[in-house]
Amino acid sequence: MHSYAANHVDFIHNTAYHNAQSPELNWRQISGGGRCRDILVANNILHAQEGRTLDTNLSFQSSGITYRNNIIFGDGDNDRRAGGAPGKGSKAATLENNINADPLFVNPSLDPETADFQLRACSPAIDAADPGISSLVDKTGTVRLQGKAPDLGALEALTGK
């Protein structure tokens, strides 16, 4: 998911897993993009595949881009030498309360027949969302805020919190 030349966009409670499969692309998982103002990326799980960038750099033409209460996981680190962000001509977004850890999915996979992006009971994504900017239900219609706070990502954990 990317915004470009857009203002006042919120990306909330998404799960992005191994985006940019083509070797020709070095796109981010969820991006505030270029020429944007007032973009909020919050309560998401951003899981990059090996050698891909992890989302927090943007063009100098952008402003007011905030990544808040997300899990950002993968081996890219916004450093061009490590397959990361664009480097020259870019600046960092504002980062608030993000977690750099494996979200611990039940069975992450690119195979839709076997993929299970539910969170394991020990996931750091559980109860980690900002409840002030949370959706009331998850992708399946499950009510959020079953614990101390909603969970990160598209799915509220069904672990009997």
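Visitor: Which class fits E96: buried, exposed or partly exposed?
Guide: E96 has a relative accessible area of 28%. Buried means under 20%, exposed means over 50%, and partly exposed lies in between (1.4 Å probe, protein chains only). Therefore E96 is partly exposed.

Visitor: What kind of model is this?
Guide: Residues are numbered from 1 along each chain as its sequence is written, and side-chain values use heavy atoms, with hydrogens and water left out. Local features need pLDDT of at least 70, side-chain atom pairs count only at pLDDT 80 or more, and totals for chains, interfaces and linings use all residues, as the model is predicted.

Visitor: Which residue forms a salt bridge with E96?
Guide: A salt bridge puts a side-chain nitrogen of Lys or Arg within 4 Å of a carboxyl oxygen of Asp or Glu. For E96, the closest N and O atoms are 2.7 Å apart, and the partner is R68. E96 sits in strand 9 (residues 94-96) and R68 in strand 6 (residues 63-68), so parts 28 residues apart in sequence are tied together. At 22% relative accessible area, the partly exposed partner is R68.

Visitor: Where do E156 and R144 lie, and are they buried or exposed?
Guide: Their side chains meet in a salt bridge, 3.1 Å from N to O. Each lies in the segment after strand 11, so the pair ties together parts 12 residues apart in sequence. E156 and R144 are both buried.

Visitor: What is the order of strands in the open sheet?
Guide: Strands (E, at least two residues) are DSSP runs, numbered from the N terminus. Two strands pair if DSSP finds at least two bridges between them. Strand 2 (15-17) and strand 7 (71-73) are the edges, each pairing on one side only. The pairing is parallel, in the order 2-4-7.

Visitor: Which residue in strand 7 is the bridge partner of L46?
Guide: Strand 4 (residues 45-47) runs parallel to strand 7, and three bridges join them. Within strand 7, the bridge partner of L46 is I72.

Visitor: How many disulfides are there?
Guide: A disulfide is a covalent bond between the sulfur atoms of two cysteines. Here the rule asks for two cysteine sulfur atoms within 2.5 Å. C36 is buried, because its relative accessibility is 0%, while C122 is exposed at 55%. The number of disulfides is zero.

How values were computed: Helix = DSSP H or I, 4+ residues; strand = E, 2+ residues; numbered from the N terminus.
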